[in-house]
Amino acid sequence: MTRPLLISPSILAADFSRLGEEVRDVVDAGAEWVHLDVMDGHFVPNISFGPAIIKALRPWTKAVFDCHLMIAPADPYLAAFADAGCDVITVHAEAGPHLHRSLQTIRALGKKAGVSLNPATPLSAIEHVMDDLDLILIMSVNPGFGGQKYIPAMTDKIAKAHALIGNRPITLEVDGGVTADNAAEIAKAGANALVAGSAIFKGKGVDDYRKTVDLLRKAAESGRG
């Protein structure tokens, strides 16, 4: 199964003083999704934003809101993020004891359900929920900070996740240190959704972002063969 290539810029690297415009501009520049990194200062070291900010951003674009919850616990807040306008809601396998229940809850809210794995978390953590997933997010850095370097060992993990997916209609996403320099190897391993922050939000405005989005897309396409 050939899945469409998706570029999902992380707005953590955007200009927060003009966040609505940044979301609009990066989508106008060619990005299919908008990646929303929600951090709670507990599961990960930093604090970012919550459902109120996402709800305020929703009118700025019709693009898919790709919400990555780096929070624990996540279950009490799933409805709020769904109501805010998130289309895909991803929880961490490490963030709670009842992953299957979390995924069921997300789907019951009418949203696509994703699961994220930290670098040290094995794929065996999700073997028994594969049929409850719409997305797998492989963290290629330890979550909580932008601008980190890609962990090379994650390329093999991406390939194994791709094999585990098989013919299921599951998006395989990678987040952390993704640049035009490594996008080809990431895509070759089987990822079809690339999250990038600092690699995309260079310069300011649509024209600058179009260059960085195109550069990342061309690099990834070269790895897809």
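Here is a short conversation about a predicted model and the reasons behind the labels used for it.

Reader: Let me start with the sheet. What makes β2 and β3 a pair?

Author: Happy to start there. Two strands pair if at least two bridges are found between them. Strand β2 (residues 33-39) and β3 are joined over seven bridges, in the parallel sense, so by the cut-off of at least two bridges they count as a pair. One of the matches to look for is L36, whose bridge partner in β3 is C67.

Reader: Which helix does the chain pass through from β2 to β3, and what is the handedness of that crossover?

Author: The path goes through helix α2 (residues 51-57), and this β-α-β crossover is right-handed. That label applies because, with the strands pointing away from the viewer, the path over the helix runs clockwise.

Reader: What makes β3 and β4 a pair?

Author: The cut-off is again at least two bridges. Between β3 and strand β4 (residues 88-92) there are four bridges, in the parallel sense, so these strands pair too. Within this pairing, D66 stands opposite V88 in β4. From β3 the chain reaches β4 through helix α3 (residues 78-84), in another β-α-β crossover that is right-handed.

Reader: Why is β3 called mostly covered?

Author: Strand β3 spans residues 64-70, and six of its seven residues are buried. A residue is buried when its relative accessible area is under 20%.

Reader: Turning to the active site, which residues carry that annotation, and how do you know that they cluster in space?

Author: The UniProt record, an unreviewed entry, gives "active site" for D37 and D175. They are spread over 139 residues of sequence, yet the largest C-alpha distance is 10.3 Å. Both D37 and D175 belong to the lining of the largest pocket.

Reader: Why is D37 called buried?

Author: D37 has a relative accessible area of 4%, and the limit for buried is under 20%, so D37 qualifies. You will find D37 in strand β2. Leaving aside neighbours within four places in sequence, D37 is in contact with S10, L12, S48, F49, H68, M70 and D175.

Reader: What makes the pair D37 and S10 a polar contact?

Author: The two side chains come to 2.7 Å, and a polar contact needs N or O atoms within 3.5 Å, one able to donate a hydrogen and the other to accept it. The pair therefore counts as a polar contact.

Reader: And D175: is it buried or exposed?

Author: D175, in strand β7, has 10% relative accessibility and counts as buried, because the limit is under 20%. The side chain of D175 also makes a polar contact with the side chain of H35, at 3.3 Å. Beyond four places in sequence, D175 touches residues including H35, D37, H68 and V195.

Reader: Which residues does UniProt list for "binding site", and which of them line the largest pocket?

Author: The unreviewed entry lists S10, H68, G144, F145, G146, G147, D175, G176, G177, G197 and S198. From this set, the pocket lining takes in S10, G144, F145, G146, G147, D175, G176, G177, G197 and S198.

Reader: Why is G197 called buried?

Author: Its relative accessible area is 17%, and under 20% is what buried requires, so G197 passes. G197 sits in the loop between β8 (193-196) and α7 (206-224) and touches S10 and A13, not counting residues up to four places away in sequence. G176 is also buried, at 5% relative accessibility, and is placed in the loop between β7 (171-175) and α6 (183-188).

Reader: One last spot. What makes S116 buried, and which side chain does the S116 side chain meet in a polar contact?

Author: S116 lies in strand β5 (residues 112-117). At 0% relative accessibility, S116 counts as buried, because that value is under 20%. The S116 side chain meets the H92 side chain at 3.4 Å, which is within the 3.5 Å limit for a polar contact. A113 lies in β5 as well, and A113 is buried at 0% relative accessibility.

Conventions: Residues numbered from 1 in each chain as written. Predicted model: local features only at pLDDT ≥ 70, side-chain atom pairs only at ≥ 80, totals over all residues. Heavy atoms only, no water. Buried < 20%, exposed > 50% of the residue type's maximum accessible area, 1.4 Å probe, protein only. Helix = DSSP H or I, 4+ residues; strand = E, 2+ residues; numbered from the N terminus. UniProt positions renumbered as here; feature names shortened; annotations may be inferred. 1 Å grid on protein atoms, 1.4 Å probe; cavity = no way out; pocket = protein on both sides within 12 Å on 5 of 7 lines; lining within 4 Å. Contact = heavy atoms within 4.5 Å.
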